Amino acid sequence: MRKLIAFDDDTFDKLRQLARDRMGTFQELADEAFADLLKKHGIPIDLKDALRKSAAEGRGATKDNVTELRPRTPRRRS
């Protein structure tokens with residue numbers, strides 16, 4: 001879905017330069033910013049995040065005793 005967001009010229013130039021410096025796109029910056037905003041307010045970003053939050057609430061867990069899931073590393077074959 002596309003939506004228009006207005007920036008003043010100076011802000012837009014700084015965002016565009018930041019995207020170049022990070023060798024990314026403006027869209028990647030926007031995705032990161034909105035994901036951080038949702039996380040700050042406790043809103044799940046994706047299904048995996050929603051399931052993790054739901055499971056933690058079901059167990060009565062707090063943020064301190066919830067372990068983060070780490071991506072699985074491929075096993076080496078002998």
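**Close-up views of helix α1 and its aromatic neighbours**

**View 1. Asp8 sits at the start of α1 in this predicted model.** Here a side-chain oxygen of Asp8 comes to within 3.2 Å of the backbone nitrogen of Asp10. The helix that begins here, α1, covers residues 9–21 and has the highest mean pLDDT among the elements of the protein chain, at 96.

**View 2. Helix α1 can be followed from its first C-alpha to its last.** Its 13 residues reach 18 Å, close to the 18 Å expected at 1.5 Å a residue. After the helix comes Met23, and its phi is positive, near 55°.

**View 3. Phe7 meets Phe26 edge-to-face.** Searching the whole structure gives two aromatic pairs. In the pair shown here, the Phe7 and Phe26 rings are 5.9 Å apart centre to centre, with 85° between the planes. Phe7 belongs to the segment before α1 and Phe26 to helix α2 (residues 26–40), so this pair ties together parts 19 residues apart in sequence. Phe7 is partly exposed, at 37% relative accessible area, and Phe26 is also partly exposed, at 31%.

**View 4. Phe12 and Phe26 form a tilted pair.** Their centres are 5.6 Å apart and their planes make an angle of 55°. This pair links distant parts of the chain, with Phe12 in helix α1 and Phe26 in helix α2, 14 residues apart. With a relative accessibility of 30%, Phe12 counts as partly exposed. Taken together, ring pairs join Phe7, Phe12 and Phe26 into a cluster.

**View 5. Confidence across the chain, for orientation.** The protein chain has an average pLDDT of 83, and 77% of the residues score at least 70. Among the elements, helix α3 (residues 47–58) has the lowest mean pLDDT, 83.

Terms used: Residues numbered from 1 in each chain as written. Predicted model: local features only at pLDDT ≥ 70, side-chain atom pairs only at ≥ 80, totals over all residues. Heavy atoms only, no water. pLDDT = per-residue confidence, 0-100. Helix = DSSP H or I, 4+ residues; strand = E, 2+ residues; numbered from the N terminus. Expected span 1.5 Å × (residues − 1). Polar contact = N/O pair within 3.5 Å; in protein donor to acceptor, adjacent residues only side chain to side chain. Phe/Tyr/Trp six-rings, centres within 6.5 Å; stacked < 30°, edge-to-face > 60°. Buried < 20%, exposed > 50% of the residue type's maximum accessible area, 1.4 Å probe, protein only.
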